[in-house]
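Before you work through this structure on your own, here are some points to check against the model, written for someone meeting it for the first time.

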Amino acid sequence: MPDTAYLQDDQFKRADRISDIGVSEILEIGARAQELRMQGQPVITLGAGEPDFNTPNHVKAAAYEAINANQTKYTPLVGTESIRKAIQAKLKRDNNLTYQLNEITVGSGAKQILFNAFMATINPGDEVIVPAPYWTSYIDLIKIAGGHPVIVPCTEQNGFKMVPAQLKAALSKRTKWILFNSPSNPSGAVYSEADYQPLLNILLDHPDVWIMADDIYEHIVYKGAQFITPAAAEPRLRSRCLIVNGVSKAYAMTGWRLGFGAGPADLIKAMSVIQSNSTSAPSSISQAAAAEALSGSQDCLLTQRDSFCERRDYIVDRFNQIEGLSCDKPDGAFYAYVNCQSLLGRKTPLGGQIETDSALCRYLLDRAFVAVVPGSAFGVSPYFRVSYAASESELKAALDRIAAAISELEH
Ligand code: PLP
């Protein structure tokens, strides 16, 4: 029983700013998966948004060193000079971008950087253009800040990427931000320079619109595709770009909670007002570890990427062999976004009917004990997202079970 259950309905009322923000479908699936596990079922979860590697040893060593050197006090709000210098060098090395130290800040995860940015810039009713499928948190973060997400559904035919006509139609006098996330969670889509150019050209004519680039999957990009951030693709827009990035995905550091932002100094200053009144600076130990991750050996990036690539190839091939499912090979991140349109309307051996992608995901969890996330959670249906940051044996077992469960559906 939740510890607030004793309260009468009229004793607790949520603030308006979160009144239409519910528990996400991802959490609901997680709860059902946990329930089945408690019943002894062999549940495989392909829902995780984190690499299955360990944080590299040299990064852990930097954290021990920081502790032993008593770097255990508050740091400057925007981060130690050492982490900001490491970020500055990373932006030059990986993105060919020059940022001054006062144009860089750190937060407790990329998520906090996004939160700070929206809270610091959005007035009630301001719009943020969000290409879908999107990472679910964007919508809630924008709403909490009082903004209005303008969702642009991107089609599989266009590689789940926004095209210029869609951007033009979405722009309005109230547009504050456009949010790009490449490689994308959940589709794995990667915007090439050629994809960005016509979109950024349009934005050159809209001087009040800012560009937020969530580059968190930057280093998980496969052969044939190349990562670029909008500020590098169109330097004339650099003064309106906020780069959001972090160490969670690239260096298997999700638990360290360290993200960073780079953008114009005034924006960074405004964001630190929010941070100063919420969490203050992130953990001093995490900052030391992240500085090492960004400036030490980068070997893990390649080994992890190659390992993800093998798993991507395996699962995409397997999904395409299952009648009723299809999936193009995503260019980045560690997710596949699987089309399940052909399965809609089929009957389950449990007596139900698959009307939506959510229903299919519930069926796969109850019948095959495999947890995947429906496209409805990401704004484009009927699809489901699979995270392949799981072991080879888990992926094989999951695919075997999904194939068996789907073969039991009746037309
Ligand atoms: N952005 C995207 C697209 C993500 O998928 C995630 C995590 O899943 C984040 C940001 C948050 O990253 P962090 O762990 O640095 O807060």
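The numbered points below go through aromatic rings, helix contacts, single residues and backbone features.

1. A word on the source comes first, since this is a predicted model. The values that follow are computed from that model and should be read with this in mind.

2. The structure holds 16 aromatic pairs. One of them is formed by Tyr191 and Tyr196, whose rings are stacked, with 5.1 Å from centre to centre and 20° between the planes. Are these two tyrosines buried or exposed? Tyr191 has a relative accessible area of 3% and is therefore buried, and Tyr196, with a relative accessible area of 1%, is buried as well.

3. Phe319 and Phe384 form an aromatic pair of the edge-to-face kind, with centres 5.8 Å apart and planes at 70°. This pair links distant parts of the chain, for Phe319 belongs to helix α11 (residues 299-321) and Phe384 to strand β12 (residues 383-387), and the two are 65 residues apart. Phe319 counts as buried because its relative accessibility is 0%, and Phe384 is likewise buried, with a relative accessible area of 0%.

4. Two further ring features deserve a look. One aromatic cluster is formed by Phe53, Tyr217, Phe308, Phe334, Tyr335 and Tyr388. Elsewhere in the list, Arg238 lies over the face of Tyr99, at a distance of 4.0 Å from the ring centre.

5. Which residues bring helices α4 and α5 together? Helix α4 (residues 110-121) packs against helix α5 (residues 137-144) at an angle of about 35°, the axes being 9 Å apart, and the crossing of α4 and α5 is right-handed. On the α4 side the contact is made by Lys111, Leu114, Phe115, Phe118 and Met119, and on the α5 side by Ser137, Tyr138, Leu141, Ile142 and Ile144. Sorted by character, the residues of this contact comprise 8 nonpolar, 1 polar and 1 charged.

6. A second helix contact involves α2 (residues 57-68) and α10 (residues 284-295), whose axes come within 8 Å and cross at roughly 140°. The crossing in which α2 passes α10 is right-handed. From α2, the residues His58, Val59, Ala62, Ala63, Ala66 and Ile67 meet Ile285, Ala288, Ala289, Glu292 and Ala293 from α10. The residues of the contact of α2 with α10 divide into 9 nonpolar, 1 polar and 1 charged.

7. Helix α3 (residues 81-95) contains Lys92, and Arg84 also lies in helix α3. Lys92 is partly exposed, with a relative accessible area of 41%, whereas Arg84 counts as buried at 12% relative accessibility. If residues up to four places away in sequence are not counted, Lys92 touches Leu97 and Thr98; with neighbours within four places likewise left aside, Arg84 is in contact with Val78, Gly79, Leu101 and Ile104. Arg84 and Phe260 are 176 residues apart in sequence, and their C-alpha atoms are 8.9 Å apart in space.

8. The loop between β5 (175-181) and α7 (193-204) includes Ser184, and both Pro183 and Pro186 have their place in that loop. Which peptide bonds leading into these prolines are cis? The bond from Ser182 to Pro183 is cis, with omega near -10°, and a cis peptide bond also joins Asn185 and Pro186, with omega about 25°. Ser184 is buried, with a relative accessible area of 6%, and it touches Pro133, Ala189, Ala333 and Tyr335, not counting residues up to four places away in sequence. Tyr335 also takes part in the aromatic cluster of point 4.

9. Two residues that are not glycines have a positive phi, namely Asn96, at about 55°, and Ala252, at about 50°. Asn96 is placed in the loop between α3 and β2 (104-107), while Ala252 is placed in the loop between β7 (241-246) and β8 (259-262). Asn96 is exposed, with a relative accessible area of 58%, whereas Ala252 counts as buried at 8% relative accessibility.

Key
Residues are numbered from 1 along each chain as its sequence is written. This is a predicted model: local features need pLDDT of at least 70, side-chain atom pairs count only at pLDDT 80 or more; totals for chains, interfaces and linings use all residues. Side-chain values use heavy atoms; hydrogens and water are left out. Rings of Phe, Tyr and Trp (its six-membered ring) pair if their centres lie within 6.5 Å; planes under 30 degrees apart count as stacked, over 60 as edge-to-face and the rest as tilted. Buried means under 20% relative accessible area, exposed over 50%, partly exposed in between (1.4 Å probe, protein chains only). Helices (H or I, at least four residues) and strands (E, at least two) are DSSP runs, numbered from the N terminus. A charge sits over a ring if NZ of Lys or CZ of Arg is within 6 Å of the ring centre and within 35 degrees of the ring normal. Axes are lines fitted to C-alpha atoms, for helices over the stretch in contact, and angles run from 0 to 180 degrees between N-to-C directions. A crossing is left-handed if the near helix is turned anticlockwise from the far one by less than a right angle, and right-handed if clockwise. Contact means heavy atoms within 4.5 Å. Ala, Val, Leu, Ile, Met, Phe, Trp, Tyr, Cys and Pro count as nonpolar, Asp, Glu, Lys and Arg as charged, and the others, Gly among them, as polar.
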